[in-house]
Every structure is written in structure tokens, then in C-alpha cells.
Amino acid sequence: MEQRSTSKSTDKRGRAAAAGGRGRTSAVGTAAGGISDDPIVGVVGAPHGVRGEVKVHPRTDIADRFRKGSRLLCDGMGELVVASVRGAADVPIIRFEGVTTRDHAERIRGRNLRVPRAEARRAAKDAYLWADLLGLRAETPDGTPLGMVSEVLRAGETDVLVVRAEGSREELMFPAIASVIREVDIPGGRIVVIPQEILG
């Protein structure tokens, strides 16, 4: 998903970003059946009316992601261009160019809407994408391995990174706050964390 997490700061320490994300994102779920690993920004819902409009369920915290003229990648259908948007921000009613009847709208129902990962990173500005955090190795400042980031979930206003050791079902959870997430090294494939029991 395109939710942002763990803002980048000059000292490389993470802090929670105002993401407004929904649910949880897992390392298994990012590819959506192997179709693409580009971030999901929405899911097409039920048709609305008879002129091709659909309800869209956002999976992004980028405020203007569904503005008129936006180009989105629809799983199995290719690129769709937003022709009009109205209604509430939490479930906007959108018409795409070329989708002009209820039958057309039914064909895209249930499909994921995506944007290229590079575009999602630009839109996120000074924050990391949830998708970028999945699969990173988690270790303590002294290099002790803790496992891999397997999920990112939302707990109130704070993102939580779920870390699972290889071959284990045990999960460690780390809130995305500066005192816990000390470094996010995406090129190096790792994050440095301090377990809360050490923080005391």
C-alpha cells in the first residue's frame, strides 16, 4: 500500500508520520497475486449509477491521489485516467475515461489501483512507504539480528512494525517512534531498533 511511515530526519532516526493508514500491510500481500509489486492506492468498489462511476476505497494517505487527470494502473486492465471525482474523501465516487456504462464499471469492480513505486516515493516526500519497509532485516545497535519486517499495521496514530524471526511464529512489535526505530537503511536492507525492554 501507499501509506507513509517513519519520516526521514537528518539524524536518520524515525518518527511516526501522520499517515492515516488503514489496516495492515504484509510482505506476502504486496504483490497481489503476483500481478505487480507497485503500491496499491485504492480498490475499485461497486458501480454507482448507470454512467460508469464507481466507488473507490482508498489505500493511500496522499490527499490528492484521485484528482481529475490522475493516471492509475488497474490490475488486469492497464492504465485508467480519472475523468471526474466527487463525494466523500474516504470513499470517493470516480469516473474513469472510457468507462461509461454500468457494465464497464462492473468489469473493474474489485480490482486494485496502483501507481509506480517511484511516483509513490515522490508523493510521500519526507516519509518512507510502508512497502519499502517490508522485508527489511531488523537488528539492534550492536548488530544482533531480530528477524525481518513482515507487516506494518496501524495502532491508533502510530505505525507499528511487526518483526518475525526466520522459522519462528513469534512476533516482535516496534512502534515507529524515534526512541525505538533508530535507523532505516533501505539501500542496506535493514532497520536498527531498540527493544522497549531495553529502553526500560
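Here is a walk through this predicted model, from the overall make-up to the cores, a helix, a strand and some salt bridges. Local features are given at pLDDT of at least 70 and side-chain atom pairs at pLDDT 80 or more, while totals for chains, interfaces and linings use all residues. Residues are numbered from 1 along each chain as its sequence is written, and side-chain values use heavy atoms, with hydrogens and water left out.

Let's start with the whole chain. The secondary structure comes to 4 helices and 15 strands, taken as DSSP runs numbered from the N terminus (H or I of at least four residues for helices, E of at least two for strands). Of the 200 residues, 46% count as buried; buried means under 20% relative accessible area, exposed over 50%, and partly exposed in between, with a 1.4 Å probe and protein chains only. Among contacts (heavy atoms within 4.5 Å) between residues at least 6 apart in sequence, 57% join residues at least 24 apart.

Now to the inside. In soluble globular proteins, nonpolar side chains tend to be buried together. A nonpolar core here is a set of buried Ala, Val, Leu, Ile, Met, Phe, Trp, Tyr and Cys residues joined through side-chain atoms within 4.5 Å. The largest has 19 residues, and Val54, Phe66, Leu72, Phe96, Ile108 and Leu113 have the most contacts inside it. Strands 3 to 7 and helices 1 and 2 each supply at least two residues of this core. Apart from it lies another core of 17 residues, with Tyr128, Val180, Ile181 and Val193 among them. Back in the largest core, take a look at Val54: leaving aside neighbours within four places in sequence, its contacts include Val44, Ile94, Phe96, Ala105 and Ile108.

Helix 2 (117–124) is one of the contributors. Its residues Arg117, Ala120 and Ala124 are buried. Seen down the helix axis, the buried residues fall within an arc of 60° (taken from the directions from the axis to the C-beta atoms), so they line one face of helix 2. Just after this helix, Lys125 takes a positive phi of about 55°.

Strand 5 (71–74) also feeds the largest core. In a regular strand the side chains alternate between the two faces of the sheet. Along strand 5, Leu72 and Cys74 point to one face and are buried, while Arg71 and Leu73 point to the other and are not. What does strand 5 pair with, given that pairing takes at least two DSSP bridges? Strand 6 runs antiparallel to strand 5 and is joined to it by 4 bridges, with Cys74 partnered by Gly78. The hairpin they make has 3 residues between the strands, and Gly76 takes a positive phi near 80° there. Strand 8 (residues 112–114) is also antiparallel to strand 5, through 2 bridges, and its Arg114 stands opposite Leu73.

Finally, the charges. Counting a side-chain nitrogen of Lys or Arg within 4 Å of a carboxyl oxygen of Asp or Glu as a salt bridge, the model has 11 salt bridges. One of them pairs Arg86 with Glu53 at 2.8 Å, N to O. This pair links distant parts of the chain, with Arg86 in strand 6 and Glu53 in strand 4, 33 residues apart. Arg86 is partly exposed at 42% relative accessibility, whereas Glu53 is buried at 13%. Elsewhere, Arg190 meets Glu183 at 3.5 Å and Asp185 at 3.4 Å. Salt bridges that share partners join Glu139, Glu183, Asp185 and Arg190 into one network.

Key
Two strands pair if DSSP finds at least two bridges between them.
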